[in-house]
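Colleague: I am new to this structure and would love a close look at a single part of it. Could you pick one residue, start there, and then lead me outwards to the rest?

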Amino acid sequence: MKVEMKSSDTVRHLYVHFPFCARICPYCAFYKTRGNAVEVGRFCEALVREVQGSSALLPSTIYFGGGTPTALKTSQLEVILSAFHQRLDLSELKEWTIEANPGSVSARKAALLKKFGVNRISLGVQSWDNDLLNLLGREHNAAQAEESFRIFRDAGFSNISIDLMFALPGQTERQWRDSLQKTITLEPEHISTYCLTYEEDTEFLARFERGEFSVDDDREAGFLEMAMIMLERAGYEHYEISNYARPGFRSEHNQAYWRGADYVGLGPSAFSTRGFERWQNIADHHEYTRRLFANEAPVVSAERLTPEMKRTERIALGLRTCEGIVAHTLEQNQVNELVRHGLLVRRESRVSLTRTGRLVADSVAAEVL
Ligand SMILES: C[S@@+](CC[C@H](N)C(=O)[O-])C[C@H]1O[C@@H](n2cnc3c(N)ncnc32)[C@H](O)[C@@H]1O
Ligand code: SF4
């Protein structure tokens, strides 16, 4: 299947998916695998071909995620970063993020990323508690995570985000408070806090179904509230349910996505959206690589979005942000009801979640959709 992009429709946001990890975490449902050196090498060549073939891209943001892009050898990372520079027009690039796993960070890689213009790091710390890191099957401990943060700082990165996870099995309020406090002490510019979700086809979901783990909405809301209180007090703006930033450091890439901007995704499993067209690359790195070497498109499915699908998506994503959504896109009686209950607030022509509303964001979204 081939999706043509008209050259007039320049896309400003690029996502690149690197599908390999050194170790597979038992809760993770992103497309990833443990590849051998030959597979990773061939994949890099295939990715370079896809970058070369992608037209009508003038990125203002690039997000290089995965998987674990920092699991690449320094030499392979250099090949891919060089390919981006040679084959893309980066003259309008403002934000270039890479996802980094503390288990695969080195001063050499950090220096290389800096040299090639990557200017934002998203560091997957998850927790500062070694018992919880063990439970999560992480390949690093807390000391390595701190060392990685310092490596990036020393390499000159002034925009670092830290990922944390909460409502983990057995996690106490105290452990969560300590993780938040430790993060604040390091003074990252951005912090993402994700509530653990039990995803399909993961070991964690199997353990949940066997009754080893359980979910408690009140507990999750309590953890979220603790994050809101501590991070806002420390000077972070809660600009999306899972995201906090110091003024001026909100993620441009993610905001574009939440606002419904067009984006192109390269690499296996990546989605692209332009106008009403959405397509996805095949979520199989062998077949992805084979196709690129055979000059075939890696696209596996495409659909035409309806205006209603677009509207629903815009509301679902926008409602999670502090910008909220344009009020007239919602049913007004329902909005008035939610405002009366203190869950939504009107600001000029828009509505957004109140503090209480943020604690029950999924229920509010279910009401209005
Ligand atoms: C693409 S992933 C990972 C980046 C990198 N590979 C790492 O693990 O450090 C981005 C983030 O999603 C979050 N995440 C992954 N699976 C999750 C799940 N099941 N529930 C909640 N958050 C999850 C983690 O915080 C992770 O850092
Ligand atoms: S959480 Fe990150 S390191 Fe773990 S399997 Fe998923 S992508 Fe790989």
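Modeller: Happy to! Let us start at Thr-321, which, leaving out residues up to four places away in sequence, touches Tyr-239, Glu-240, Trp-258 and Ser-352. Please keep in mind that this is a predicted model. Thr-321 sits in the loop between helix H11 (307–318) and strand E13 (325–326). Is Thr-321 buried or exposed? Its relative accessible area is 9%, and the cut-off for buried is under 20%, so Thr-321 counts as buried. To place this residue in the wider fold, take Phe-30, which is 291 residues away along the chain: the C-alpha atoms of Thr-321 and Phe-30 are separated by 23 Å.

Now step back to the whole protein. Its secondary structure comes to 14 helices and 15 strands. Along the principal axes, the C-alpha trace spans about 60 × 50 × 45 Å. A compact globule of 369 residues would have a radius of gyration near 21 Å, and the protein agrees with this, having 21 Å. Buried residues make up 52% of the 369 residues, so Thr-321, with its 9%, has company in being buried. Among contacts with a separation of 6 or more, 70% are between residues 24 or more positions apart.

What fills the inside? In soluble globular proteins, nonpolar side chains tend to be buried together. Here the largest nonpolar core has 65 residues, and those with the most contacts inside it are Phe-64, Leu-81 and Phe-152. Helix H8 (residues 217–233) gives the most to this core, with 7 residues. Phe-64 is a good one to click on: leaving aside its neighbours within four places in sequence, it is in contact with Val-16, Phe-18, Pro-69, Leu-72, Leu-77, Ile-80, Trp-96, Thr-97, Ile-98 and Glu-99. Apart from the largest core lies another one, of 16 residues, among them Ala-327, Leu-338, Val-364 and Val-368.

Leu-133 is another buried residue to visit, at 1% relative accessibility. Its place is in helix H4 (residues 130–135). Beyond its neighbours within four places in sequence, Leu-133 is in contact with Val-125, Gln-126, Ser-127, Arg-138, His-140, Asn-141 and Ala-142.

One of those contacts of Leu-133, Arg-138, also leads us to a ligand, as Arg-138 is listed in the shell of ligand 2. Alongside Arg-138, ligand 2 is surrounded by Cys-21, Arg-23, Ile-24, Cys-25, Tyr-27, Cys-28, Lys-32, Gly-67, Thr-68 and Asn-101. By type, the shell divides into 5 nonpolar, 3 polar and 3 charged residues.

Charged residues bring us to the last topic. Side chains of opposite charge can pair when their charged atoms come close. How many salt bridges does the model hold? The count comes to 20 salt bridges, and a few of them show how such pairs are placed.

Take Lys-115 and Glu-78, whose side chains meet in a salt bridge at 4.0 Å, N to O. Lys-115 lies in helix H3 (residues 107–115) and Glu-78 in helix H2 (residues 74–87), so this pair ties together parts that are 37 residues apart in sequence. Lys-115 is exposed, with a relative accessible area of 60%, whereas Glu-78 is partly exposed at 32%.

Glu-189 and Arg-153 form another salt bridge, with their closest N and O atoms 2.8 Å apart. This pair also links distant parts of the chain, 36 residues apart: Glu-189 is in the loop between helix H6 (173–186) and strand E6 (190–195), and Arg-153 is in helix H5 (residues 142–154). Glu-189 is buried, at 10% relative accessibility, while Arg-153 is partly exposed, with a relative accessible area of 25%.

For a pair within one helix, look at Arg-174 and Asp-178, which meet at 3.7 Å, N to O. They are 4 residues apart in helix H6, so about one helical turn separates them. Arg-174 is exposed at 57% relative accessibility, and Asp-178 is partly exposed at 42%. Salt bridges can share partners too, and in this way Glu-287, Arg-290, Arg-291 and Glu-296 are joined into one network.

Conventions:
Residues are numbered from 1 along each chain as its sequence is written. Chains are lettered from A and ligands numbered from 1 in the order in which they are written. This is a predicted model: local features need pLDDT of at least 70, side-chain atom pairs count only at pLDDT 80 or more; totals for chains, interfaces and linings use all residues. Side-chain values use heavy atoms; hydrogens and water are left out. Helices (H or I, at least four residues) and strands (E, at least two) are DSSP runs, numbered from the N terminus. Buried means under 20% relative accessible area, exposed over 50%, partly exposed in between (1.4 Å probe, protein chains only). A residue is near a molecule or strand if one of its heavy atoms lies within 4 Å of it. Ala, Val, Leu, Ile, Met, Phe, Trp, Tyr, Cys and Pro count as nonpolar, Asp, Glu, Lys and Arg as charged, and the others, Gly among them, as polar. A nonpolar core is a set of buried Ala, Val, Leu, Ile, Met, Phe, Trp, Tyr and Cys residues joined through side-chain atoms within 4.5 Å. Contact means heavy atoms within 4.5 Å. The radius of gyration is taken over C-alpha atoms; the globule rule is 2.2 Å times the number of residues to the power 0.38.
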